[in-house]
Amino acid sequence: MRNAAFEILYKDYYVRVFGLCRRLLNSSEMAEDAAQEAFMRAYRSFGKYDTEQPFWQWIASIANHHCIDLLRQQNRTGALFGDEAAELEQLADVDAPVLSKLISVQEAGFLNKAVANLSAKYRVPLVLAYFNQFSYEEIAQELKISRNHVGILLLRAKQRLRADLVSDTGEARK
Amino acid sequence: MKHATQLQLSMHADVALPASEAVVVSEHLETCPSCLARFAEIKDEAGFIRSTLQIEARENTGEVTVPKFSAPSGLRGFALANLATGLVIWLTQFLWKTLFGEVIVNASTWVTSIYLPDIYAMSSATLLYLLKEGTVMFNAYLGFVVLSLFTATTLWYLLMHRKTRVTMNICLVVFVMGAMVFPAPVNALEVRMEEDVVTIAASETVDDTLLIAAETILIEGVIKGDLMVAGRRVVISGTVEGNLITFADTITISGKVGGMALGASSTYDLRGATVGGDLWVAGEQIGIDSESSVVRNASVASRSANIDGSVGKDLYAFAETVEFSGSLGEDLEAFANRMRLLGDAHVAGNVRFRTDSEDGLHRADSVRVDGEVEFLDMPQELEEGSKYAKIKYYLWQAARLIGAFLVGMAFLWLVPGLRSMSIGADVDTLKTAAIGLVTVVSVPIAAVLVAVTLVGLPISFMAIAAWLLGLYLAKIVVGAVIGQLLLSESDSLPRTLFVGLLIVLIAVNLPFIGGILNLVLTIVGLGMLVQFLIGTLPGREHRDYEEI
């Protein structure tokens with residue numbers, strides 16, 4: 001029974017989990033493994049799954065956790081998400097136009113390319129917040145940093161995207 | 001308050017500011033149109049990112065194929081894999097031993113009783129073929145099976161330990177390379193095959209196990225390992241330090257054999273030979289001259305056996321005529337029509353003569369028998385009298401119950417799907433029984449047909465082993481189901497299994513109907529096993545893979 005139920009959930013959610021992993025890890029191949037692994041872990045602890053909770057939330061938290069672990073393993077030099085004070089200092093003061101002014105929804109490809117170009121430090125919180133719809137609190141917990149740090153990283157991420165798109169779209173539209 | 005910072009606006013747009021700070025920012029926004037405009041933009045942007053990321057996800061993941069989910073195997077899978085590996089290794093070893101040892105000897109023993117004129121020519125021809133083609137075939141097969149099972153287990157193990165694909169690939173490459181340099185299991189084996197004559201000259205020493213197939217084989221030198229020969233005429237005057245296995249038309253041994261000597265031929269002669277281990281011979285005529293000695297037991301099966309030499313322990317002779325004039329360390333047991341004890345024969349133990357008439361024994365006056373001379377009827381399987389009256393019977397049944405219980409617990413743990421099996425309603429039961437009956441009948445027939453091709457010999461051995469295992473497990477499965485029917489569902493597995501097995505055991509031991517019940521329960525159980533396997537392995541041929 002457990003198998004059959006899990007099989008259905010797997011079929012329904014695999015693509016989403018895979019998408020999440022690919023965004024976090026920035027690699028289709030790694031994402032495939034990570035998604036498999038996430039489901040493996042979910043399968044093992046399926047007994048503990050609280051059916052009140054949406055399955056997506058549960059599996060997504062497992063996938064996030066695993067992906068962030070992988071990223072931490074890759075990045076052996078120091079803290080993956082940098083230092084809060086240092087990040088704060090690096091915030092750009094200039095008021096760049098926001099993304100929604102730069103491109104339209106039809107040009108989503110530009111934004112996605114830019115997101116993929118972000119380093120893990122900025123990409124992960126961005127994906128968690130806007131793709132995964134996590135609250136700052138949850139992200140802070142997941143990444144083991146302060147809530148303010150999350151805010152700074154997200155702002156930095158958006159600033160980078162804006163800067164990237166200003167030059168990108170500028171070139172493309174020439 | 002001065003203007004809100006970018007950070008404040010960004011966090012406020014995501015509703016992430018601490019409550020106290022949020023109030024301050026909200027108040028400021030009401031009074032500051034420029035901040036408010038920026039805030040609206042940022043909020044807009046957040047929504048924009050959200051929806052854009054989702055769109056991309058849908059577009060790109062459209063091409064993602066969902067790989068098949070394989071449930072993690074865990075300890076159970078690992079145990080199963082090891083069990084399978086062990087089983088196959090055991091089977092191949094068993095096969096090797098059986099093929100070249102017991103089966104051929106036993107078959108010749110059996111055949112001598114029927115007496116087919118050309119059996120030795122036939123069997124040596126078969127053996128020549130087997131040795132020429134079979135060894136290579138068998139080695140390749142053995143290597144392949146062991147290697148692939150080992151690979152499977154390794155993969156399983158790696159999967160279990162959550163290694164990523166990259167690590168797994170590396171491990172695989174390392175493993176394959178290792179397997180390539182790893183010595184083949186039978187490398188200390190030398191094979192010589194000639195059409196006419198193979199001679200190991202007196203000056204020659206062979207360090208390995210030697211396999212020879214030829215028309216005429218002359219061994220004058222020293223073989224350090226085992227010697228296996230098949231041919232028309234075999235003469236061994238040298239030394240074999242290991243075991244000697246011979247199949248030929250005529251075999252003459254006048255040298256030394258360190259281990260066991262096993263052979264079948266129409267004439268098998270020991271002339272001044274020494275056998276360090278047991279002697280197993282089947283043939284038309286067997287002769288052991290007065291200069292020869294066998295250190296351990298000798299078993300001979302033939303039309304006529306003429307034993308003049310010495311045997312260190314027991315002598316078993318199955319023959320039409322046995323002539324004994326040598327010396328014997330222990331008992332002589334003869335199954336024969338006629339037995340002649342001649343000359344200065346000496347038996348240190350008893351003589352047991354199984355025969356139809358006591359007139360068959362001729363005993364010269366000079367013969368010494370230290371023990372008794374007994375006449376027995378040809379062996380009869382069962383003694384009369386009620387088996388229920390003996391305590392041994394109950395002990396044996398108790399041992400069977402415990403054995404079945406332990407096996408059943410292990411089996412149901414390994415294959416948990418079987419726990420939820422049920423016999424089903426009337427028509428289903430009939431269907432199950434029919435499947436069981438077909439399996440009971442068809443597997444041995446199929447195995448024999450496959451075995452005839454020689455190439456299929458290993459498969460048929462496996463099929464038979466699986467079939468036997470299936471017969472044993474069948475009653476355990478039935479017991480488990482019966483236990484579940486009688487006790488409530490929630491009862492623990494050991495209790496239901498034990499109760500079920502107890503009932504099955506009592507049923508099959510009932511007088512008169514026990515045999516029929518036994519058959520019926522076995523058939524139903526086997527049918528259930530097969531159905532279960534068909535269910536789990538869709539579209540797979542099931543008979544040869546009963547349990548694995």
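# Close-up views of a predicted model

A search of the whole structure finds 12 salt bridges over all chains. The model shown is predicted. The views below start with the salt bridges of chain B, move to its paired strands, and then turn to chain A.

**View 1. Glu215(B) and Arg232(B) form a salt bridge.** The closest N and O atoms of this pair are 3.2 Å apart. Glu215(B) sits in strand E4, residues 209-219 of chain B, and Arg232(B) sits in strand E6, residues 227-236, so the contact ties together parts that are 17 residues apart in sequence. Both ends are partly exposed: Glu215(B) has a relative accessible area of 37%, and Arg232(B) has one of 42%.

**View 2. Arg232(B) also meets Asp249(B) in a salt bridge.** Here the N to O distance is 3.8 Å. Asp249(B) belongs to strand E8, residues 244-253 of chain B, while Arg232(B) is in strand E6. This pair links distant parts of the chain, 17 residues apart. Asp249(B) is partly exposed, at a relative accessible area of 21%. Shared partners join Glu215(B), Arg232(B) and Asp249(B) into one salt-bridge network.

**View 3. A salt bridge connects the side chains of Asp331(B) and Arg352(B).** The N to O distance is 3.6 Å. Asp331(B) lies in the loop between strand E17 (327-328) and strand E18 (332-341) of chain B, and Arg352(B) lies in strand E20 (residues 351-354), so the pair ties together parts that are 21 residues apart in sequence.

**View 4. Strand E12 of chain B pairs with E10(B) and with E14(B).** E12(B) covers residues 279-288, and 8 of its 10 residues are buried, so the strand is largely enclosed by the rest of the structure. Strand E10 (residues 261-270) of chain B runs parallel to E12(B), and 9 bridges join the two. Asp269(B) stands opposite Gly287(B) of E12(B). Strand E14 (residues 298-307) of chain B also pairs with E12(B) in the parallel sense, over 9 bridges. Within E14(B), Ala301(B) is the bridge partner of Ala282(B).

**View 5. Confidence varies along chain B.** The mean pLDDT of chain B is 74, and 66% of its residues reach 70 or more. Over residues 113-117 of chain B, pLDDT stays under 50. For that stretch the model has 3 contacts beyond four places in sequence. Residues 537-548 of chain B also have pLDDT below 50. This second stretch has 23 contacts in the model beyond near neighbours in sequence.

**View 6. Chain A has 9 helices and 0 strands.** From the N terminus on, its elements run α-α-α-α-α-α-α-α-α. Chain A has 174 residues, of which 51% count as buried. Among its contacts between residues at least 6 apart in sequence, 71% join residues at least 24 apart. The chain exposes about 8,200 Å², and carbon and sulfur atoms supply 51% of that area.

**View 7. Val17(A), Cys21(A) and Val124(A) touch the most other members of the largest nonpolar core.** This core has 82 residues. Helix H3 (residues 55-74) of chain A gives the most to it, with 11 residues. Which residues does Val124(A) touch, not counting those up to four places away in sequence? They are Leu24(A), Ile68(A), Leu71(A), Phe81(A) and Leu143(A). Apart from this core lies another, of 53 residues. Ala261(B), Met339(B), Leu361(B) and Val369(B) are among the members of that other core.

**View 8. Phe81(A) is buried in a loop of chain A.** The loop runs between H3 and helix H4 (84-89) of chain A. Phe81(A) has a relative accessibility of 2%; residues under 20% count as buried, so Phe81(A) is in that class. How far apart are the C-alpha atoms of Phe81(A) and Lys121(A)? They are separated by 4.9 Å, although the two residues are 40 apart along the chain. Leaving aside neighbours within four places in sequence, Phe81(A) is in contact with Arg72(A), Glu87(A), Ala120(A), Lys121(A), Val124(A), Pro125(A), Leu143(A), Ile145(A), His149(A) and Leu153(A).

Note on methods. Residues are numbered from 1 along each chain as its sequence is written. Chains are lettered from A and ligands numbered from 1 in the order in which they are written. This is a predicted model: local features need pLDDT of at least 70, side-chain atom pairs count only at pLDDT 80 or more; totals for chains, interfaces and linings use all residues. Side-chain values use heavy atoms; hydrogens and water are left out. pLDDT is the predictor's confidence in each residue, from 0 to 100. Contact means heavy atoms within 4.5 Å. Helices (H or I, at least four residues) and strands (E, at least two) are DSSP runs, numbered from the N terminus. Buried means under 20% relative accessible area, exposed over 50%, partly exposed in between (1.4 Å probe, protein chains only). Accessible areas come from the Shrake-Rupley method with a 1.4 Å probe; for residues, only the protein chains shown count as cover. Two strands pair if DSSP finds at least two bridges between them. A salt bridge is a side-chain nitrogen of Lys or Arg within 4 Å of a carboxyl oxygen of Asp or Glu. A nonpolar core is a set of buried Ala, Val, Leu, Ile, Met, Phe, Trp, Tyr and Cys residues joined through side-chain atoms within 4.5 Å.
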